[in-house]
Every structure is written in structure tokens, then in C-alpha cells.
Amino acid sequence: MELDYIEHISPILKDGIKNYLIDIDGTITDDVPNEEPERMVTCEPFPDALETINKWYDEGHQICFFTSRTENLKQITIDWLDKHGFKYHSVLCGKPRGGNYHWIDNHLVRATRYKGKFTDLIEKQVTIEVFKED
């Protein structure tokens, strides 16, 4: 991973490189709950997700699958990703379940809601909630 380091602060990615955090269930495959791990082995990836994510990886972006699957399901998840040919850098388990995420961070965060089709991202102006500035 290519990072720019500035003295005494967290590193940042090089210009143009994104750090994708991608959900799994309901985003790149069927929405399979933790309570049905047997379905995690047999579900199929969404073809547009596989193609787009691997393209992003090949372009040099960081790919991290960030899932609500529990840590005990991590190896099943890795095996499934590998079996279907997903390219990625890491898998993080334990994302809180239930949605309605509001991420607060000292780095820029952009969120894109998946609504049934993976494509390259486009720019769009929207209203967002931010902290009040003094």
C-alpha cells in the first residue's frame, strides 16, 4: 500500500487511490444472516460486483471486505472470496449489525449505498450531515 507520511500524523493514501470498505451479504452476494452459515458456502457472487471490485484492485485501490459476519465465520468467508476469484487486501469481521451507519473519523469518509448494481462510481451532489463549525 502506497502511503504519504507527514510528520506526527496518520498516513494517507496517495492521490487517486481509494480505500474501499465493502460489505458482503446483500452487497456482493445474497443477504445471508450469520445464523445460516451453511448458505455462506453455497451462495453465488453478483457478477457485476466481482468484475468491478477486481478492476478496482487492479487499478491499485485498497479492497477490504468489512462484514457483520462474526470472527468465527472469517475462514468460511475467506474461502468463499478466494473460490470465486475476488481480489482483496483484507477482511474485517464484526461490523455492527442493523445498518443506519454513521461513521465519524478524522479522515475523509465517503459512503455509497449499494442498490442492486455494481458499477464504476460517479460524482453526484447530495446533502450530508456534518459537525457544526464554530
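This passage describes helix α2 and the salt bridges of a predicted model. Local features are reported at a pLDDT of at least 70 and side-chain atom pairs only at pLDDT 80 or more, whereas totals for chains, interfaces and linings use all residues. Residues are numbered from 1 along each chain as its sequence is written, and side-chain values use heavy atoms, with hydrogens and water left out.

A good place to begin is helix α2, which covers residues 47-58. Helices (H or I, at least four residues) and strands (E, at least two) are DSSP runs, numbered from the N terminus. The expected span of a helix is 1.5 Å times one less than its number of residues; for the 12 residues of α2 this gives 16 Å, and the end C-alpha atoms lie 17 Å apart, which agrees. Ala49, Thr52, Ile53, Asn54 and Trp56 of α2 are buried, where buried means under 20% relative accessible area, exposed over 50% and partly exposed in between (1.4 Å probe, protein chains only). In an α-helix there are 3.6 residues a turn, so residues three or four places apart point the same way. The cover over the buried residues of α2 includes β3 (19-22) and β4 (62-66), with contact taken as heavy atoms within 4.5 Å. Just after α2, glycine 60 adopts a positive phi of about 100°.

Next come the charged pairs. The structure holds eight salt bridges, each defined as a side-chain nitrogen of Lys or Arg within 4 Å of a carboxyl oxygen of Asp or Glu. One of them joins arginine 69 to aspartate 25, with the closest N and O atoms 2.8 Å apart. Arginine 69 sits in the loop between β4 and α3 (74-83) and aspartate 25 in the loop between β3 and α1 (37-42), so this pair ties together parts 44 residues apart in sequence. Both arginine 69 and aspartate 25 are buried.

Arginine 97 and glutamate 35 also form a salt bridge, at 2.9 Å from N to O. Because arginine 97 lies in the segment after β5 (90-92) and glutamate 35 in the loop between β3 and α1, the pair links parts that are 62 residues apart in sequence. Glutamate 35 is exposed, with a relative accessible area of 55%.

Helix α2 returns in a further salt bridge, between lysine 87 and aspartate 58 (2.8 Å, N to O). Lysine 87 belongs to the loop between α3 and β5 and aspartate 58 to helix α2, so parts 29 residues apart in sequence are tied together. Lysine 87 is partly exposed, at 33% relative accessible area, while aspartate 58 is exposed, at 53%. Finally, salt bridges that share partners join Lys55, Glu59 and Asp120 into one network.
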